[in-house]
Amino acid sequence: MSNEFGYVGTAKPTQAVLNNSGVFSVNEHKELVEDEKILTLGQLELIQTQSVSGVSTVDFTNLGDYNVHFLTVNNLQVAVSNTRLGVRFYESGVLETGSVYDWAYQQCLQGSNAEFKEAGFTSIPVQIEQPINFGGVGYNYFYNLTDSAKYSFLTNQHIRTKDGMIAEFGGGLMKQASQVTGFQIGSYDSSNYNFSLTASLYGIKAY
(Lines give C-alpha, C1' and ligand atoms only; values in the text may rest on other atoms or scores of the structure.)
Protein backbone atom coordinates (compact mmCIF):
# COMPACT_ATOMS: atom_id res chain seq x y z
CA MET A 1 0.00 0.00 0.00
CA SER A 2 1.31 3.47 -0.88
CA ASN A 3 1.40 6.58 1.26
CA GLU A 4 1.97 9.25 -1.41
CA PHE A 5 0.87 12.77 -0.36
CA GLY A 6 -0.42 11.27 2.89
CA TYR A 7 -3.02 9.07 1.17
CA VAL A 8 -3.17 5.31 1.70
CA GLY A 9 -4.25 3.22 -1.29
CA THR A 10 -4.38 3.93 -4.99
CA ALA A 11 -7.03 6.69 -5.16
CA LYS A 12 -4.69 9.67 -4.85
CA PRO A 13 -5.86 13.13 -6.04
CA THR A 14 -4.29 14.69 -9.10
CA GLN A 15 -1.97 17.53 -8.15
CA ALA A 16 -2.18 20.83 -10.06
CA VAL A 17 -1.24 24.47 -9.50
CA LEU A 18 -3.79 26.09 -7.12
CA ASN A 19 -5.38 22.68 -6.60
CA ASN A 20 -3.06 20.70 -4.34
CA SER A 21 -4.16 18.42 -1.53
CA GLY A 22 -2.46 16.04 0.83
CA VAL A 23 0.34 16.03 3.35
CA PHE A 24 3.62 16.40 1.46
CA SER A 25 7.00 15.13 2.43
CA VAL A 26 10.00 17.31 1.64
CA ASN A 27 10.85 15.15 -1.37
CA GLU A 28 7.26 15.19 -2.67
CA HIS A 29 7.14 18.98 -2.43
CA LYS A 30 10.43 19.20 -4.31
CA GLU A 31 9.11 16.91 -7.06
CA LEU A 32 5.91 18.95 -7.43
CA VAL A 33 7.95 22.15 -7.78
CA GLU A 34 10.16 20.54 -10.43
CA ASP A 35 7.08 19.28 -12.31
CA GLU A 36 5.46 22.76 -12.06
CA LYS A 37 2.45 21.31 -10.25
CA ILE A 38 2.54 23.56 -7.21
CA LEU A 39 2.32 27.34 -6.82
CA THR A 40 5.75 28.96 -6.43
CA LEU A 41 5.36 32.73 -6.49
CA GLY A 42 8.24 34.85 -7.77
CA GLN A 43 9.85 31.99 -9.68
CA LEU A 44 12.68 33.32 -11.86
CA GLU A 45 13.26 31.81 -15.30
CA LEU A 46 16.51 32.78 -17.01
CA ILE A 47 16.03 34.29 -20.48
CA GLN A 48 19.57 35.43 -21.32
CA THR A 49 22.94 36.32 -19.80
CA GLN A 50 25.34 38.62 -21.61
CA SER A 51 28.93 39.49 -20.72
CA VAL A 52 30.24 42.41 -22.77
CA SER A 53 33.48 44.40 -22.76
CA GLY A 54 34.33 47.74 -24.32
CA VAL A 55 30.90 48.34 -25.88
CA SER A 56 28.69 51.44 -25.99
CA THR A 57 25.37 49.54 -25.98
CA VAL A 58 23.96 46.11 -25.17
CA ASP A 59 20.52 44.90 -26.32
CA PHE A 60 18.03 42.46 -24.82
CA THR A 61 15.45 41.68 -27.49
CA ASN A 62 13.99 38.39 -26.24
CA LEU A 63 11.39 39.13 -23.56
CA GLY A 64 9.36 35.94 -23.79
CA ASP A 65 5.73 36.06 -22.65
CA TYR A 66 6.40 37.51 -19.21
CA ASN A 67 4.71 40.58 -17.75
CA VAL A 68 7.42 41.14 -15.12
CA HIS A 69 11.15 40.93 -15.83
CA PHE A 70 14.17 41.01 -13.51
CA LEU A 71 17.62 42.18 -14.63
CA THR A 72 20.84 41.83 -12.63
CA VAL A 73 23.99 43.81 -13.44
CA ASN A 74 27.39 42.76 -12.10
CA ASN A 75 30.96 44.03 -12.38
CA LEU A 76 30.07 47.22 -14.23
CA GLN A 77 33.25 48.97 -15.38
CA VAL A 78 33.37 52.23 -17.36
CA ALA A 79 36.00 53.83 -19.58
CA VAL A 80 35.16 57.42 -18.57
CA SER A 81 34.62 58.35 -14.92
CA ASN A 82 31.11 59.27 -13.77
CA THR A 83 29.48 57.60 -16.78
CA ARG A 84 25.71 57.37 -16.46
CA LEU A 85 23.98 54.39 -18.07
CA GLY A 86 20.33 54.37 -19.12
CA VAL A 87 17.66 52.13 -20.63
CA ARG A 88 15.69 52.80 -23.81
CA PHE A 89 12.83 50.59 -24.98
CA TYR A 90 12.27 48.98 -28.35
CA GLU A 91 8.69 49.38 -29.60
CA SER A 92 7.83 46.77 -32.25
CA GLY A 93 11.55 46.51 -33.01
CA VAL A 94 12.19 50.28 -33.23
CA LEU A 95 14.33 51.93 -30.53
CA GLU A 96 12.48 54.80 -28.83
CA THR A 97 14.99 57.63 -28.42
CA GLY A 98 12.53 60.50 -27.98
CA SER A 99 11.93 62.56 -24.85
CA VAL A 100 9.26 60.22 -23.51
CA TYR A 101 10.88 58.97 -20.28
CA ASP A 102 10.30 60.29 -16.74
CA TRP A 103 12.44 59.16 -13.80
CA ALA A 104 13.50 59.97 -10.23
CA TYR A 105 16.28 58.60 -7.99
CA GLN A 106 17.47 59.02 -4.42
CA GLN A 107 21.19 58.83 -3.64
CA CYS A 108 22.38 57.76 -0.21
CA LEU A 109 25.97 58.11 0.95
CA GLN A 110 27.83 58.63 4.19
CA GLY A 111 26.29 61.54 6.05
CA SER A 112 24.19 62.98 3.22
CA ASN A 113 21.77 62.25 0.40
CA ALA A 114 20.69 63.78 -2.90
CA GLU A 115 17.86 63.56 -5.41
CA PHE A 116 18.03 63.26 -9.19
CA LYS A 117 14.97 63.54 -11.43
CA GLU A 118 13.97 64.37 -14.99
CA ALA A 119 10.71 64.67 -16.94
CA GLY A 120 10.67 64.19 -20.68
CA PHE A 121 14.16 62.69 -20.94
CA THR A 122 15.61 60.36 -23.59
CA SER A 123 16.27 57.36 -21.29
CA ILE A 124 15.79 55.99 -17.77
CA PRO A 125 19.04 55.73 -15.75
CA VAL A 126 20.07 52.36 -14.39
CA GLN A 127 23.45 53.52 -13.04
CA ILE A 128 24.15 57.11 -12.00
CA GLU A 129 27.72 58.46 -12.24
CA GLN A 130 29.72 55.22 -12.20
CA PRO A 131 33.38 56.07 -11.40
CA ILE A 132 36.30 54.57 -13.30
CA ASN A 133 38.20 51.60 -11.79
CA PHE A 134 35.37 50.82 -9.37
CA GLY A 135 32.87 48.00 -9.89
CA GLY A 136 29.15 48.66 -9.91
CA VAL A 137 26.28 46.24 -9.28
CA GLY A 138 22.51 46.59 -9.41
CA TYR A 139 19.15 45.12 -10.24
CA ASN A 140 16.01 46.23 -12.06
CA TYR A 141 12.38 45.13 -12.20
CA PHE A 142 10.54 45.83 -15.46
CA TYR A 143 6.73 45.87 -15.61
CA ASN A 144 4.18 45.69 -18.46
CA LEU A 145 6.77 45.57 -21.24
CA THR A 146 4.74 43.18 -23.39
CA ASP A 147 1.35 44.75 -22.65
CA SER A 148 0.48 47.22 -25.44
CA ALA A 149 -2.34 48.79 -23.37
CA LYS A 150 -0.14 49.92 -20.46
CA TYR A 151 2.83 52.17 -19.73
CA SER A 152 6.14 50.33 -19.33
CA PHE A 153 8.11 51.16 -16.20
CA LEU A 154 11.00 49.95 -14.10
CA THR A 155 12.35 50.17 -10.58
CA ASN A 156 16.05 50.08 -9.87
CA GLN A 157 18.58 49.80 -7.08
CA HIS A 158 22.34 49.91 -7.51
CA ILE A 159 25.50 50.50 -5.51
CA ARG A 160 28.97 51.72 -6.33
CA THR A 161 32.15 52.31 -4.39
CA LYS A 162 34.23 55.48 -4.29
CA ASP A 163 35.34 57.01 -1.00
CA GLY A 164 32.86 54.67 0.68
CA MET A 165 29.69 52.91 -0.39
CA ILE A 166 27.08 54.86 -2.38
CA ALA A 167 23.57 53.45 -2.92
CA GLU A 168 20.96 54.76 -5.32
CA PHE A 169 17.36 53.69 -5.85
CA GLY A 170 14.40 54.87 -7.89
CA GLY A 171 12.66 54.19 -11.16
CA GLY A 172 11.01 55.58 -14.24
CA LEU A 173 8.52 54.99 -17.02
CA MET A 174 7.89 55.53 -20.70
CA LYS A 175 4.93 57.88 -20.98
CA GLN A 176 3.13 56.08 -23.78
CA ALA A 177 1.35 52.77 -24.01
CA SER A 178 2.91 50.39 -26.51
CA GLN A 179 4.20 46.85 -26.89
CA VAL A 180 7.84 46.80 -25.89
CA THR A 181 9.86 44.12 -27.69
CA GLY A 182 13.20 44.72 -25.99
CA PHE A 183 15.46 47.29 -24.39
CA GLN A 184 18.93 48.74 -24.81
CA ILE A 185 21.45 49.69 -22.13
CA GLY A 186 23.82 52.51 -23.07
CA SER A 187 24.87 56.03 -22.09
CA TYR A 188 21.86 57.78 -20.62
CA ASP A 189 22.52 60.78 -22.87
CA SER A 190 24.28 61.04 -26.27
CA SER A 191 27.84 60.54 -24.97
CA ASN A 192 28.22 56.88 -26.13
CA TYR A 193 30.90 55.99 -23.59
CA ASN A 194 32.17 52.39 -23.52
CA PHE A 195 31.54 50.03 -20.62
CA SER A 196 31.83 46.39 -19.57
CA LEU A 197 29.41 44.31 -17.52
CA THR A 198 27.66 41.00 -17.02
CA ALA A 199 23.86 41.21 -17.13
CA SER A 200 21.24 38.49 -16.72
CA LEU A 201 17.59 38.88 -17.72
CA TYR A 202 14.91 36.74 -16.08
CA GLY A 203 11.18 36.42 -16.54
CA ILE A 204 9.00 36.01 -13.46
CA LYS A 205 6.66 33.09 -13.98
CA ALA A 206 2.96 33.89 -13.84
CA TYR A 207 0.16 31.48 -12.92
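**Questions about a predicted fold**

Reader: Where is E96 found?
Author: E96 is in the loop between β5 (94-95) and β6. Before we go on: this is a predicted model, where local features need pLDDT of at least 70, side-chain atom pairs count only at pLDDT 80 or more, and totals for chains, interfaces and linings use all residues. Residues are numbered from 1 along each chain as its sequence is written, and side-chain values use heavy atoms, with hydrogens and water left out.

Reader: What makes something a strand or a helix here?
Author: Both are DSSP runs numbered from the N terminus: H or I over at least four residues for a helix, E over at least two for a strand. By that rule the protein has one helix and 13 strands. The helix comes first in the pattern, with the strands after it: α-β-β-β-β-β-β-β-β-β-β-β-β-β.

Reader: Back to E96: how do you know that it has no salt bridge?
Author: A salt bridge needs a side-chain nitrogen of Lys or Arg within 4 Å of a carboxyl oxygen of Asp or Glu. For E96, the nearest side chain of opposite charge (Lys and Arg count as positive, Asp and Glu as negative; His and the chain ends are not counted) is R88, and that is 8.5 Å away. E96 is buried all the same, a label for relative accessible area under 20%, with exposed over 50% and partly exposed in between (1.4 Å probe, protein chains only). Its contacts (heavy atoms within 4.5 Å), leaving aside neighbours within four places in sequence, are R88, F89, E91, Y101, M174 and Q176.

Reader: Which pairs do meet in a salt bridge, say E34 and K30?
Author: E34 and K30 do, at 2.6 Å, N to O, and the limit is 4 Å, so the name fits. They lie four residues apart in helix α1 (residues 26-34), which puts about one helical turn between them. The count for the protein comes to four salt bridges.

Reader: Why is E34 called exposed and K30 partly exposed?
Author: E34 has a relative accessible area of 51%, so it clears the exposed mark. K30 has 49% and therefore lands in the middle class.

Reader: What links D102 and K175?
Author: Another salt bridge, at 3.3 Å, N to O. This one ties together distant parts of the chain: D102 is in strand β6 (residues 101-109) and K175 in the loop between β11 (165-174) and β12 (180-187), 73 residues apart. K175 has 37% relative accessibility, so it counts as partly exposed. K117 and E115 form a further bridge at 3.7 Å, N to O, and both of those residues are exposed.

Reader: How do you know whether G203 is buried or exposed?
Author: G203 has 0% relative accessibility, so it falls under the buried cut-off. The residue is in strand β13 (residues 195-204). Not counting residues up to four places away, G203 touches Q43, L44, E45, I47, Y66, V68 and H69.

Reader: Which class does T181 fall into, and why?
Author: T181 is partly exposed, because its relative accessible area is 28%. T181 is in strand β12, and its C-alpha lies 5.5 Å from that of Y90, although 91 residues separate them in sequence. Apart from neighbours within four places, T181 is in contact with T61, L63, Y90, E91, S92 and G93.

Reader: What makes the phi of S92 worth a look?
Author: Most residues other than glycine have a negative phi. S92 is not a glycine, yet its phi is positive, about 50 degrees. S92 sits in the loop between β4 (83-91) and β5, and with 61% relative accessibility it counts as exposed. N75 also has a positive phi, near 50 degrees, but is in strand β3 (residues 68-78). At 48% relative accessibility, N75 counts as partly exposed.

Reader: And how does the whole protein compare with a compact globule?
Author: The radius of gyration is taken over C-alpha atoms, and the globule rule is 2.2 Å times the number of residues to the power 0.38. For 207 residues that gives near 17 Å, whereas the protein has 21 Å, so it is above the globule value. Its C-alpha atoms fill a box of roughly 70 × 40 × 30 Å along the principal axes, and 39% of the residues count as buried.
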